[in-house]
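Reader: Hey, can you walk me through this one? I'd like the ground rules before we get to the details.

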Amino acid sequence: MNAPGVPETRELSYAQAIREAMDIALAEDERVVLMGEDIGVYGGAFQVTGDLVEKYGTERVIDTPISELGGAGVAVGAALTGLRPIFEFQFSDFATLAMEQIVNQAAKLRFMLGGAVSVPVVMRFPAGSGTGAAAQHSQSLEAWLGHVPGLKVVQPSTPEDAKGLLLAALDDPDPVMIFEHKLLYKSKGRVPAGRYATPIGKAAIRREGRDMTIVATSIMVLKALEVAKTLEAEGIDAEVIDLRSIRPIDRNTVLASVRRTGRLICVYEGVKTLGIGAEISAMVAESDAFDFLESPIVRLGGAEAPIPYNPELEKAVVPQIPDILDAARRMANGQV
Amino acid sequence: MPVEVIMPKVDMDMIVGKIMAWHVAPGEAVVKGDPLFDIETDKAAMEVEAPASGILHHTVGEGAEVAIGQPVAWLYAPGEIVGDAPRTNSEPAAKMAKAPRPPAPEKAGAEPTTNDKFRASPRARKMAQQKGIALDTVMGSGPRGRIQSMDVQDHIEAKSTTPAAPAKNTGALHITRSKGGNGIPFVLLHGFAADAASWASVETHLSHRPVIRIDLPAHGRSQLHAPPSFKDLASRLRSAFDMLDLETAHIVGHSLGGALALAIADTRPRKVSGLTLIAPAGLGPDINGDALNGICRATRAESLGPWLKTLVADDKIVSDGYVRAAMQTRENADLRAAQRTLADTLFPDGVQAFDMSGPLDRLDVPTRIIWGKQDRIIPWKHALRARGQVALHLFERVGHMPQIEISEEVGKLIATPL
């Protein structure tokens with residue numbers, strides 16, 4: 001029994017939460033269609049779409065040919081002409097094939113046509129390493145798209161946000177790119193029933209702390225929280241911020257936290273150089289939060305290498321819990 | 001511009017250092033971090049590394065005594081024109097003594113000091129500006145001597161309580177090193193109310209390797225300020241250990257020093273190749289609070305003697321002469337006061353208020369524990385909490401001071417590889 005006004009929550013996996021969001025959207029709004037390779041009878045490369053094709057039919061859950069450029073083009077065109085498509089990539093790596101439609105069309109048309117149109121397309125990208133899928137199926141390219149004005153880019157880390165951000169994306173008049181970490185699909189969490197939206201552009205403080213701020217994205221949030229738990233036993237009190245949205249970035253939440261703690265670690269899976277951590281660090285360095293820094297900023301990101309196939313090397317090229325722990329301890333012990 | 005090589009400050013009361021030997025002749029090239037010269041003070045000898053890469057010129061002769069902070073040589077870039085010795089960038093030693101701001105004073109091969117710029121965190125700069133404090137009067141406790149907001153805060157507090165008091169909780173701990181020895185160094189951490197001298201009898205068995213002794217805060221020649229918690233104490237020791245910049249070390253800790261050895265190994269496991277814990281604190285709540293209290297409060301040999309006897313199994317070791325000598329090291333009222341404060345923090349109501357059994361359980365560092373079964377300060381049975389991988393050496397008819405009571409056995413044990 002729930003108190004009036006408090007939504008019921010259930011434990012769902014991240015993948016189930018996304019499917020529930022799509023189910024709600026398909027049921028409520030006939031303009032919503034799903035598009036992507038093998039999302040129909042097969043249920044999607046990561047089984048996220050599941051059996052939605054049985055419920056809504058092949059008119060609304062549409063298998064597209066093996067051409068990301070073609071599929072994304074159809075989705076952008078459909079959005080321009082009144083539908084609300086959700087386009088699924090099998091792997092975020094294949095965004096590279098569809099860059100023309102994403103970067104030159106979806107992101108630009110509102111501006112080039114003087115605001116006469118908008119492109120309310122949602123694209124979903126299974127991203128990240130850890131599945132043994134090697135160099136062409138394991139990348140974290142969110143910062144690429146985060147660099148493009150006209151797009152919104154989000155990275156939910158919890159089932160609740162996976163659902164809430166997808167529904168918020170559908171409400172948004174402009175293109176929203178959702179990067180879903182493949183290793184999160186099976187993670188579980190409490191998810192409110194029914195329709196709700198998680199605001200795009202708002203970070204979440206997952207753990208409050210005094211001694212340092214760890215800004216993390218996607219699966220790194222879970223790792224940072226593990227680290228914070230270990231640090232707590234050592235008397236180190238880390239604040240963990242889940243960035244959730246990398247375009248726009250929630251500047252205020254990050255800066256306020258750094259003003260409090262005076263120390264900043266950025267953790268993200270994408271390549272460290274020219275990545276999300278660079279943006280966060282520069283944001284702090286350019287603001288008055290700089291005056292509150294007590295030590296240099298530390299970034300932990302992907303290595304300067306394609307993701308290797310060898311499982312041990314695959315782990316070694318992205319930040320792992322011991323790496324974050326070590327960095328946090330060094331920072332707390334005044335070694336940086 | 002050539003880089004100045006200065007006489008580093010290697011211990012707290014060092015004013016001059018003597019150049020014992022140069023490893024590099026004038027005109028030869030060195031790489032940053034190479035051993036450059038040996039110095040000797042009245043207590044220690046040490047090797048100083050090149051602060052930068054370059055070609056060595058204008059060296060001070062061997063045997064010369066040089067004030068700390070003064071140049072002893074210059075390093076030139078290849079092709080740079082070498083004329084007369086450049087004028088020094090350093091402040092004269094006398095001026096430095098008046099306004100103490102030596103960044104990272106204990107670090108060998110410290111970067112040359114510059115007058116206009118020094119390290120301070122943005123937060124410390126802002127705080128100093130708001131409170132109207134000149135940063136060059138604040139001592140930095142951060143990496144490479146960086147002034148942090150805590151240092152400014154300490155400076156303000158020190159000023160408001162006793163105007164003449166030195167900045168507290170700053171400055172590295174007093175460190176002494178043996179001469180000679182090769183291989184993995186031993187780092188010795190003494191117990192509560194003792195000092196580095198308590199290792200003397202054991203050290204003869206360790207001389208084949210470098211031996212480094214650290215005086216704990218509020219002890220010996222380290223600053224007489226009691227850290228406000230075990231965590232702070234451990235963090236001071238960790239910083240001192242980091243400053244040693246060793247590739248790896250075997251840490252030997254007695255009593256409180258044992259608990260601190262565990263704390264260091266817990267966060268620097270790759271830097272610690274072995275641990276010897278002698279009657280370590282932190283493995284159980286019990287401790288002889290009366291004895292600690294008695295030792296802290298004693299102002300005369302007559303009151304100190306009976307308590308010193310509780311430290312050992314055989315009273316006769318504690319002769320009248322020994323007690324008088326021990327009292328002499330405790331003559332400083334500030335030292336006694338600081339240790340009383342520390343005892344209240346670490347052992348309130350005669351209880352060990354910190355627990356290091358967690359680190360002992362999870363540490364993957366070869367470890368041995370040495371304990372006397374007549375220990376009247378900390379019950380030897382705390383040793384039984386160690387997991388099976390830890391070697392236990394339990395001695396009959398030995399008290400809390402095995403390194404003094406059976407120094408030969410303990411020395412040989414420590415010297416035995418784990």
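Author: Sure, one term up front: buried means under 20% relative accessible area, exposed over 50%, and partly exposed in between, with a 1.4 Å probe and protein chains only. This is a predicted model, where local features need pLDDT of at least 70, side-chain atom pairs count only at pLDDT 80 or more, and totals for chains, interfaces and linings use all residues. Residues are numbered from 1 along each chain as its sequence is written, chains are lettered from A and ligands numbered from 1 in the order in which they are written, and side-chain values use heavy atoms, with hydrogens and water left out.

Reader: OK, phi outliers then. Is Ala279(B) buried or exposed?

Author: Ala279(B) is buried, at a relative accessible area of 0%. Its phi is positive, about 40 degrees, although the residue is not a glycine. You'll find Ala279(B) in the loop between β13 (272-278) and α7 (289-297) of chain B. Those labels are DSSP runs numbered from the N terminus: helices are H or I with at least four residues, strands are E with at least two.

Reader: And what's phi for Ala218(B)?

Author: Near 70 degrees, so to speak a positive value in a non-glycine residue. Ala218(B) sits in the loop between β11 (211-214) and α5 (230-244) of chain B, and Ala218(B) is buried with a relative accessible area of 0%.

Reader: Switching to peptide bonds: which residues does the cis one join?

Author: Arg247(A) and Pro248(A), with omega about -5 degrees. Pro248(A) lies in the loop between β12 (245-247) and α9 (251-261) of chain A.

Reader: How many helices and strands does chain A have?

Author: Twelve helices and 14 strands. Chain B has 13 helices and 15 strands.

Reader: What's the radius of gyration of chain A?

Author: It is 20 Å, which agrees with the value near 20 Å that a compact globule of 336 residues would have. The radius is taken over C-alpha atoms, and the globule rule is 2.2 Å times the number of residues to the power 0.38. Along its principal axes, the C-alpha trace of chain A spans about 60 × 50 × 45 Å.

Reader: How much of each chain is buried?

Author: In chain A, 57% of the 336 residues; in chain B, 52% of the 418.

Reader: Last one, where are the domains in chain B?

Author: Domain 1 is 3-98, domain 2 is 100-108 + 117-170, and domain 3 is 175-415. The bounds come from an automatic or database domain assignment. Between domain 2 and domain 3 of chain B, the C-alpha centres lie 30 Å apart.
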